[in-house]
Amino acid sequence: MLRDLGGLTEARSHYRLALQIIESFYGPDNLDAAVILNKLGDTARAQGEPAEARTFFARALGIFRDNLGQDHPYTIITEEHLDALPRTQLAQETVDDYYVFYF
């Protein structure tokens, strides 16, 4: 809701807190954590921070792939978000390489 109202910085702060809580109770590979990572990626992208967005989306993608498989809609959508970001010096590498690189 804050994101929709233009409060991206505040939304990111709340998403980070939610991620911290979820990870502390359920671990870093929890599906709810991946959903929050996607939200963090969305807000980072909207604030013009593609490198940070890429990190969030790549982590979410890894969790979705591991838990839901390659063909699940969440996995596909997250991969599309990641692919839509501007390329960096890693442009020749695959999505899996991004995931490994950032962790």
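Biologist: How many aromatic pairs does the structure hold?
Modeller: The model is predicted, and side-chain atom pairs count only at pLDDT 80 or more. Under that filter, the number of aromatic pairs in the structure is two.

Biologist: Why is the pair of Phe 25 and Tyr 26 classed as tilted?
Modeller: The ring centres of Phe 25 and Tyr 26 are 6.4 Å apart, and pairing requires centres within 6.5 Å. Planes under 30 degrees apart would count as stacked and over 60 as edge-to-face, so what lies between is tilted. The planes of Phe 25 and Tyr 26 stand at 45°.

Biologist: Are Phe 25 and Tyr 26 buried or exposed?
Modeller: The cut-off for exposed is over 50% relative accessible area. Phe 25 has 64% and Tyr 26 has 58%. Phe 25 is therefore exposed, and Tyr 26 likewise counts as exposed.

Biologist: What are the distance and the angle in the aromatic pair of Phe 64 and Tyr 74?
Modeller: Phe 64 and Tyr 74 form a tilted pair. The centres are 5.4 Å apart, and the angle between the planes is 55°.

Biologist: Which helices does the pair of Phe 64 and Tyr 74 tie together?
Modeller: The two residues are ten apart in sequence. Phe 64 is buried, at 2% relative accessible area, while Tyr 74 is partly exposed at 45%. Phe 64 and Tyr 74 sit in separate elements, so the pair ties together H3 and H4.

Biologist: Where does Gly 69 lie, and which residues does Gly 69 touch beyond four places in sequence?
Modeller: Gly 69 lies in the loop between H3 and H4. Its relative accessible area is 22%, so Gly 69 is partly exposed. Setting aside residues up to four places away, Gly 69 touches Phe 64 and Thr 75.

Biologist: How far is the backbone oxygen of Gly 69 from a polar atom of the side chain of Thr 75?
Modeller: Thr 75 is in helix H4 and counts as buried at 0% relative accessibility. Its contacts beyond four places in sequence include Leu 61, Phe 64, Arg 65 and Gly 69. From the backbone oxygen of Gly 69 to the side-chain polar atom of Thr 75, the distance is 2.8 Å.

Biologist: How many helices and strands does the chain have?
Modeller: Read from the N terminus, the elements run α-α-α-α-α. The counts are five helices and zero strands.

Biologist: What span does helix H2 reach, and what is expected?
Modeller: H2 covers residues 31-46, which is 16 residues. At 1.5 Å a residue, 22 Å is expected. From first C-alpha to last, H2 comes close to that, at 23 Å.

Biologist: Which residue caps the N-terminal end of H2?
Modeller: The contact runs from a side-chain oxygen to the backbone nitrogen of Asp 32, at 2.7 Å. The residue that supplies the oxygen is Asn 30.

Biologist: Which residue takes a positive phi just after H2?
Modeller: The phi is about 75°. The residue is Gly 48.

Biologist: Which helices cover the buried residues of H2?
Modeller: The buried residues of H2 include Ala 33, Ile 36, Leu 37 and Leu 40, along with the polar Asn 38, Asp 42 and Thr 43. What covers the buried residues of H2 includes H1, H3 and H4.

Biologist: Which residues touch the most other members of the largest nonpolar core, and which element gives the largest share?
Modeller: The core has 20 residues, and Leu 19, Ile 36, Leu 37, Leu 40 and Leu 82 touch the most other members. Two or more residues come from each of H1, H2 and H3. The largest share, eight residues, comes from H3.

Biologist: Which residues does Glu 52 touch beyond four places in sequence?
Modeller: Glu 52 is found in helix H3 and is partly exposed, at 24% relative accessible area. Its C-alpha is 10.0 Å from that of Asp 42, ten residues away along the chain. The residues Glu 52 touches are Arg 12, Arg 16 and Ala 44.

Biologist: What area does the chain expose, and what share do carbon and sulfur atoms supply?
Modeller: Of the 103 residues in the chain, 37% are buried. The exposed area is about 6000 Å², and the share from carbon and sulfur atoms is 55%.

How values were computed: Residues are numbered from 1 along each chain as its sequence is written. This is a predicted model: local features need pLDDT of at least 70, side-chain atom pairs count only at pLDDT 80 or more; totals for chains, interfaces and linings use all residues. Side-chain values use heavy atoms; hydrogens and water are left out. Buried means under 20% relative accessible area, exposed over 50%, partly exposed in between (1.4 Å probe, protein chains only). Accessible areas come from the Shrake-Rupley method with a 1.4 Å probe; for residues, only the protein chains shown count as cover. The expected span of a helix is 1.5 Å times one less than its number of residues. Contact means heavy atoms within 4.5 Å. A polar contact is a pair of N or O atoms within 3.5 Å; within protein, one must be able to donate a hydrogen and the other to accept it, and residues adjacent in sequence count only if both atoms are side-chain atoms. A nonpolar core is a set of buried Ala, Val, Leu, Ile, Met, Phe, Trp, Tyr and Cys residues joined through side-chain atoms within 4.5 Å. Rings of Phe, Tyr and Trp (its six-membered ring) pair if their centres lie within 6.5 Å; planes under 30 degrees apart count as stacked, over 60 as edge-to-face and the rest as tilted.
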